[in-house]
Amino acid sequence: MIAEYKPAENNAECPFRHQTSRHSAVESESIRKEVDVWLQDGIVRKSSSNFASRVVVVKKLQAQVKDALRDVEQAKAAKEELQALSKEAERKVKALEAEVLQLSEDLASSKRARRAAETERYALTLRAAELTDRISSVEKELFPLQCSNKELTSKIEEINVENTSLAPRQSSGGSVLMRWWRRAIATQRSSSV
């Protein structure tokens, strides 16, 4: 072998390989995913070359870490704001529930009051009908009395006319006429009651 060895004129033709470096399972998975993305995007292509180099994993830069921390802080602030809004919404919902409960109670009490008013109205309607019946029966009873009252009134007027015509002639007979007149008035009053 040594006798047949000839050094190559161009080092580019000699294949070389670096020793593979060890990566954790997480790093190996992230490398595989990144290479798959590059293959899909056409950034790299599969090769069957004898030349290869080691994969170097570079950690994120400090600025990217700061950006990530800022994003986390913003997410926490947004979460706290959402929690505050949620508590406010819960408070408003409880207030609305209390208002609905109060309105329900008011509605129930107004229904009870309406039923009581309807019952009272019905009782008053019955009482009004009863009173109407009594009025009509009293009117029927009073009709004959009113007719007799008219007769008595006309008789009293006749007596008054006679009294006025007799009054200047008889001064002593005026007392008799006055008695008749007082009796007629008393009779009229007793019959009208």
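Which residues in helix α1 are four residues apart and separated by about one helical turn? They are D36 and R32. The model that shows this pair is predicted.

## Overall fold and confidence

The chain has three helices and zero strands. Read along the sequence, the pattern is α-α-α. Helix α1 covers residues 25–41. Helix α2 covers residues 62–166. Helix α3 covers residues 174–192.

Confidence varies by element. The mean pLDDT of the chain is 80. Of its residues, 79% reach 70 or more. Among the elements, α2 has the highest mean pLDDT, at 87. Helix α3 has the lowest, at 71.

## Burial, surface and contacts

The chain has 193 residues, and 4% of them count as buried. The exposed area of the chain is about 17800 Å². Carbon and sulfur atoms supply 57% of that area.

Contacts were also sorted by sequence separation. Take those between residues at least 6 apart in sequence. Of these, 78% join residues at least 24 apart.

## Helix α1 and its end

Helix α1 has 17 residues. From its first C-alpha to its last, α1 reaches 24 Å. That is close to the 24 Å expected at 1.5 Å a residue. G42 follows α1. The phi of G42 is positive, near 80°.

A nonpolar surface patch is formed by V35, V37, W38, L39, I43 and V44. Together these residues have about 450 Å² of accessible area. W38 is one of the patch residues and is found in helix α1. The relative accessible area of W38 is 35%, so this residue is partly exposed.

## Salt bridges in α1

Side chains of opposite charge can pair when their charged atoms come close. The structure holds six salt bridges. One of them joins the side chains of D36 and R32, at 2.8 Å from N to O. Both residues lie in helix α1. They sit four residues apart, so about one helical turn separates them.

How accessible are the two partners? D36 has 31% relative accessibility, so D36 counts as partly exposed. R32 has 43%, so R32 is partly exposed too. The pairing also belongs to a wider arrangement: E29, R32 and D36 are linked in a network of salt bridges.

## Salt bridges in α2

Helix α2 holds the next two pairs discussed here. In one, the side chains of E118 and R114 meet in a salt bridge, at 3.4 Å from N to O. These residues both lie in α2, four residues apart, about one turn of the helix. E118 is partly exposed, with a relative accessible area of 38%. R114 counts as partly exposed at 48% relative accessibility.

In the other, R127 forms a salt bridge with E130. The closest N and O atoms of this pair are 3.0 Å apart. R127 and E130 are three residues apart in helix α2, so about one helical turn separates them. R127 has 39% relative accessibility and counts as partly exposed. E130 also has 39% and counts as partly exposed.

## Recap

The predicted model is a chain of three helices and zero strands, with 4% of residues buried. Helix α1 carries the D36 and R32 pair, and W38 of the nonpolar patch is found in this helix. Helix α2 carries the E118 and R114 pair, as well as R127 and E130. For confidence, α2 has the highest mean pLDDT among the elements and α3 the lowest.

Technical notes:
Residues are numbered from 1 along each chain as its sequence is written. Side-chain values use heavy atoms; hydrogens and water are left out. Patches are made of residues with over 30% relative accessible area and no salt bridge: like charges are joined within 9 Å, nonpolar side chains (Val, Leu, Ile, Met, Phe, Trp, Tyr) within 5 Å. Accessible areas come from the Shrake-Rupley method with a 1.4 Å probe; for residues, only the protein chains shown count as cover. A salt bridge is a side-chain nitrogen of Lys or Arg within 4 Å of a carboxyl oxygen of Asp or Glu. Buried means under 20% relative accessible area, exposed over 50%, partly exposed in between (1.4 Å probe, protein chains only). Contact means heavy atoms within 4.5 Å. The expected span of a helix is 1.5 Å times one less than its number of residues. pLDDT is the predictor's confidence in each residue, from 0 to 100.
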